[in-house]
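Got the model open in your viewer? Set it to cartoon, keep the selection box handy, and follow along stop by stop.

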Amino acid sequence: LVSVWDKDGTRRRVSRYATTQGQARRLLTGLKSKQDAHRVVVSGKTATVRAWLDTWLETFIKPNRAPYTYQGYYGLLKKHIPERLGALPLTKLAPETLQQRFNAIAASGLGRTAGLLRAVLRSSFNKAVRLQRMDSNPVLGTDPVKYMQQETTTFTAEEGGRFLDAAEDDRLGALFIIALSLGLRKGEATGLRPEDVDLDQRVIHVRRSLGWVKLPGDEEGKWIEREPKRGSFRDLPMTVTIYRALVRHLVRRQVEAMAAGE
């Protein structure tokens with residue numbers, strides 16, 4: 001039975017049991033070294049894995065990262081951290097427990113998800129270690145899961161041509177033609193504004209991304225504009241097909257606006 005001081009200046013008595021005098025000395029040395037390093041010596045009930053993950057998301061991710069990132073992390077952890085794992089004390093989480101979880105997810109055909117979960121947990125527990133909630137990060141004791149990348153299905157040249165022909169008379173035909181012709185991401189294509197289109201120079205400026213986000217606790221969701229991914233600001237040449245599609249689209253917008261009035 002020894003007395004230690006917490007970071008907030010509170011004196012706390014901590015009990016440890018040993019079978020030999022040598023073991024008792026080692027335990028005492030360990031407690032003192034933690035105290036000297038300004039670590040809180042925790043006794044009694046400790047935080048659970050789920051409680052820490054919730055705190056990490058709300059305190060460190062939500063205010064400082066893009067809404068898409070917070071939404072993605074929240075959904076990933078909610079879906080793939082089962083109740084039995086979330087109920088474990090944070091300080092008792094073992095690498096083998098996490099490895100078993102990653103392996104099970106990969107075995108179900110979600111290898112990329114398993115890798116993403118490992119990366120998110122590693123980041124979360126790194127923060128816990130820096131804040132002295134954990135002595136070490138259990139994710140560092142796991143191995144990345146191995147999985148086969150699935151091949152992406154793409155249009156053939158013939159299929160792409162048929163798609164462009166079909167999109168030509170659609171009200172949003174310009175959107176489909178630009179996306180396919182220039183290889184834009186969905187958010188980049190939907191985020192284009194009239195000022196991003198230079199018909200004189202026949203250039204399209206990619207400056208933002210648009211997406212629908214429904215955050216936890218948000219019943220309705222909302223549209224959010226953000227900068228495109230790093231390195232994705234670019235100016236792209238406008239082909240004749242794109243030029244004609246955009247002219248038709250802008251004319252149609254003017255006609256619809258006049259018909260709608262105020």
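Start by selecting helix H6, residues 111-130, and show side chains for its buried positions: Gly 111, Ala 114, Leu 117, Arg 118, Val 120, Leu 121, Ser 124, Phe 125 and Ala 128. Keep in mind as you go that this is a predicted model. H6 runs for 20 residues and reaches 29 Å from its first C-alpha to its last, close to the 28 Å expected at 1.5 Å a residue.

What covers those buried residues of H6? Bring up helix H2 (49-61), helix H3 (67-80) and helix H5 (95-107), which are among the covering elements.

**Val 120 and its neighbours**

Now zoom in on Val 120, a residue of H6. Is Val 120 buried or exposed? Its relative accessible area is 3%, and buried means under 20%, so Val 120 counts as buried. Select Trp 56, Tyr 73, Leu 76 and Leu 77 next: Val 120 touches these four, once residues up to four places away in sequence are set aside. For a distance label, pick the C-alpha atoms of Val 120 and Leu 76, which are 8.9 Å apart in space with their positions 44 residues apart in sequence.

**Trp 56 and Ser 123**

Shift the centre to Trp 56. Beyond its neighbours within four places in sequence, Trp 56 is in contact with Ile 61, Tyr 73, Leu 77, Val 120, Ser 123, Ser 124 and Lys 127. Pick out Ser 123 from that list; Ser 123 lies in H6. Unlike Val 120, which is buried at 3%, Ser 123 is partly exposed, with a relative accessible area of 35%. C-alpha to C-alpha, Ser 123 and Trp 56 are 9.7 Å apart, at positions 67 residues apart in sequence.

**The nonpolar cores**

Time to widen the selection. Which residues have the most contacts inside the largest nonpolar core? Select Leu 53, Trp 56, Leu 77, Leu 98, Leu 117, Leu 121 and Phe 125, which hold that place in a core of 31 residues. H2, H3, H5 and H6 each supply at least two residues of this core. Another core lies apart from it, with 14 residues, among them Ala 167, Ile 177, Ala 189 and Met 238. As a general point, nonpolar side chains in soluble globular proteins tend to be buried together.

**Off the end of H6**

Go back to H6 and follow the chain onward to Gln 132, which comes after the helix. Gln 132 sits in the loop between H6 and helix H7 (157-167). Check its backbone: phi is positive, about 65°, although Gln 132 is not a glycine. Most residues other than glycine have a negative phi. Gln 132 is partly exposed, with a relative accessible area of 27%.

Another stop of this kind is Arg 202, also not a glycine, with a positive phi of about 55°. Find Arg 202 in the loop between strand E3 (197-198) and strand E4 (203-206). Its relative accessibility is 36%, so Arg 202 counts as partly exposed.

**A cavity to look into**

Next, turn on a cavity display. How many cavities of 30 Å³ or more does the structure hold? There is one, and about 30 Å³ of space lies in the largest cavity. Select its lining: Glu 168, Asp 170, Gly 173, Ala 174, Ala 245, Arg 248, His 249 and Arg 252. Helix H8 (173-182) and helix H10 (240-260) are the elements that give two or more residues to that lining. H10 has the largest share, with four residues. Colour the lining by type and you get two nonpolar, two polar and four charged residues.

**Arg 185**

From H8, step to Arg 185, in the loop between H8 and helix H9 (186-190). Arg 185 counts as partly exposed, at 39% relative accessibility. Its contacts, leaving out neighbours within four places in sequence, are Lys 229, Ser 232 and Arg 234. Add Pro 228 as well: its C-alpha is 9.3 Å from that of Arg 185, and the two are 43 residues apart along the chain.

**Zoom out**

Last stop: the whole chain. Colour by secondary structure to see ten helices and seven strands. Buried residues make up 29% of the 262 residues. Of the contacts with a separation of 6 or more, 58% join residues 24 or more positions apart.

Technical notes:
Residues are numbered from 1 along each chain as its sequence is written. This is a predicted model: local features need pLDDT of at least 70, side-chain atom pairs count only at pLDDT 80 or more; totals for chains, interfaces and linings use all residues. Side-chain values use heavy atoms; hydrogens and water are left out. On a 1 Å grid over the protein atoms alone, a cavity is a set of points where a 1.4 Å probe fits but cannot get out, and a pocket is an open set with protein on both sides within 12 Å along at least five of seven lines; lining residues have an atom within 4 Å of a point. Grid points are joined across faces, edges and corners, and a volume is the space filled by probe spheres set on the points. Ala, Val, Leu, Ile, Met, Phe, Trp, Tyr, Cys and Pro count as nonpolar, Asp, Glu, Lys and Arg as charged, and the others, Gly among them, as polar. Buried means under 20% relative accessible area, exposed over 50%, partly exposed in between (1.4 Å probe, protein chains only). Contact means heavy atoms within 4.5 Å. The expected span of a helix is 1.5 Å times one less than its number of residues. A nonpolar core is a set of buried Ala, Val, Leu, Ile, Met, Phe, Trp, Tyr and Cys residues joined through side-chain atoms within 4.5 Å.
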